[in-house]
Amino acid sequence: MVTFFIGCTILIVGYFTYGKYVTKVVGLKDTKEVPANTMRDDVDYLPMSSARNMMIHLLNISGTGPIFGAIQGALFGPIAFLIIPIGNIFAGAVHDLIFGTMSVRNKGANVPKLSQMYLGKPMIHVINLFTAILLMLVGVVFVQTPASLIKNNYFGDSPGYVLTIIVLCIFVYYFVATMLPIDKVIGRIYPIFGAILIISCIGIFFGLLFQEKTWSLENFNFTNWNTHPNDALPLFPIFFTTVACGLLSGFHATQTPLIAKTLKNEKDARPVFYGMMVVEGFIAMIWALGGMYIYHGLANTEMLELGAAPAVVVSMAATEALGTIFGLFAILGIIVLPITSGDTALRSLRLMLAEYFNLPQSKLVNRFVIAIPSFFVAFLLIFFIDFDILWRYFSWANQTVAAITLFTISAWLYRYGRNYFITLLPGIFYLYVCTTFILNAKIGFNLSWSMAYGLGAILSIAMIIGWYYRTKLRFDNDLTRQKGFE
């Protein structure tokens with residue numbers, strides 16, 4: 001528990017210190033010259049209060065990532081309590097704040113367009129492919145995950161068709177939330193969902209805190225940097241692809257432009273983007289604690305079985321911390337997360353494709369033109385594709401998008417003569433993570449770890465050198481670099 005509280009302290013202190021420094025680097029201004037006002041269409045572009053934006057953004061970015069990922073990351077032991085907050089403060093929150101600010105200053109632009117602007121024109125096609133796959137995966141799986149949790153926890157041994165009915169109900173909600181103006185559905189129900197989420201997380205934390213077993217967790221072999229029961233899984237890079245949301249997630253780059261279109265004032269970016277990422281870090285810490293609580297004292301085989309079924313760990317931790325009745329309420333807070341990320345994932349997909357095909361979304365017919373084919377594909381994926389295979393690509397694609405985004409931000413900061421190392425260093429780290437992961441993975445090149453580490457280093461260095469010289473060539477003689485953001 002000592003490590004847990006050290007990690008929580010890092011998150012709090014980091015927000016008020018490093019978060020403040022990053023804000024100065026970006027130069028946030030007290031200005032209402034933001035897309036919500038200058039490009040208002042009352043569908044996607046419209047001003048909303050800081051409090052509402054904070055709640056919507058938290059629910060957008062969270063999903064089941066800070067829960068399921070943290071539960072699986074907890075298998076590595078209490079080192080998770082240090083990696084999560086350090087990564088959150090120096091990588092994830094920086095990524096979200098600066099990319100959100102970039103979008104605000106570029107008319108609410110999405111990932112592909114910003115990547116094209118700062119990494120070169122070919123990147124728009126690459127990143128469109130990555131983000132479209134990522135958003136489709138998130139949207140579809142975040143139909144199945146809450147549907148399964150609802151059926152298993154509230155309908156018991158009901159017939160199989162009940163699951164299908166729940167899936168269809170969630171799918172219909174996603175379509176409505178994607179099509180209507182953001183303040184009509186999402187803006188109204190998210191505060192309610194947010195309250196359920198926060199109450200459930202606080203309840204589980206204090207429920208676990210007063211359990212006697214919780215206070216012996218520090219004996220979970222903290223002296224060993226990798227306590228994972230599967231010796232074949234090294235801490236690097238597996239931990240950094242397993243634990244995404246709460247640490248760093250490329251999915252967030254697809255969500256920040258949604259809120260960049262609704263900020264009333266640029267200065268709101270820090271509490272909305274950096275602040276809500278820190279809150280998500282707390283959620284991940286609580287569920288890593290829940291995972292360790294359940295794993296504690298089990299044999300390696302039992303731990304591996306539970307780690308492969310994080311939904312089971314959620315139910316066990318919630319009911320053991322709060323009892324059956326209150327535990328079911330807490331599980332409702334978990335169900336909220338994937339639903340509120342699935343709807344905005346598909347909304348982001350609509351906006352990204354509309355931007356790519358230059359199709360304005362103020363007219364309902366244009367929204368249908370983009371949404372209907374997207375939802376048709378999603379419907380086919382839900383019922384006809386084995387996601388046990390497809391989802392293996394998600395973690396790698398997610399962090400690859402994060403690495404691309406960090407290099408995009410770095411080029412933006414370089415152009416304006418700002419400290420680009422604050423994003424370049426985590427970008428280099430995650431470039432190496434993604435490269436070594438795909439070189440070793442069976443879904444990739446299936447090389448040994450020693451080969452993956454060596455070849456990954458060579459490829460990463462080559463890409464970094466290419467990025468640096470291309471950025472210098474493009475921006476060293478750019479007059480705006482001398483003027484800065486002003």
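**Exercise 1. Place Phe 379 and classify its exposure.**

Step 1. Phe 379 sits in helix α16; helices are DSSP runs (H or I, at least four residues), numbered from the N terminus.
Step 2. Its relative accessibility is 32%. Buried means under 20% relative accessible area, exposed over 50%, and partly exposed in between (1.4 Å probe, protein chains only).
Step 3. Phe 379 therefore counts as partly exposed.

The model is predicted: local features need pLDDT of at least 70, side-chain atom pairs count only at pLDDT 80 or more, and totals for chains, interfaces and linings use all residues. Residues are numbered from 1 along each chain as its sequence is written, and side-chain values use heavy atoms, without hydrogens and water.

**Exercise 2. Classify Ser 410 and list its contacts.**

Step 1. Find Ser 410 in helix α18, residues 392-415.
Step 2. Its relative accessibility is 0%, so Ser 410 counts as buried.
Step 3. Contact means heavy atoms within 4.5 Å. Setting aside neighbours within four places in sequence, Ser 410 contacts Tyr 420, Thr 423, Leu 424 and Trp 467.

**Exercise 3. Check the length of helix α9 against its expected span.**

Step 1. Helix α9 covers residues 160-179, 20 residues in total.
Step 2. The expected span is 1.5 Å times one less than the number of residues. For α9 that gives 28 Å.
Step 3. The end C-alpha atoms of α9 are 30 Å apart, which agrees.
Step 4. Now look at burial. The buried residues of α9 include Ile 166, Phe 171 and Tyr 174.

Notes
Helix = DSSP H or I, 4+ residues; strand = E, 2+ residues; numbered from the N terminus.
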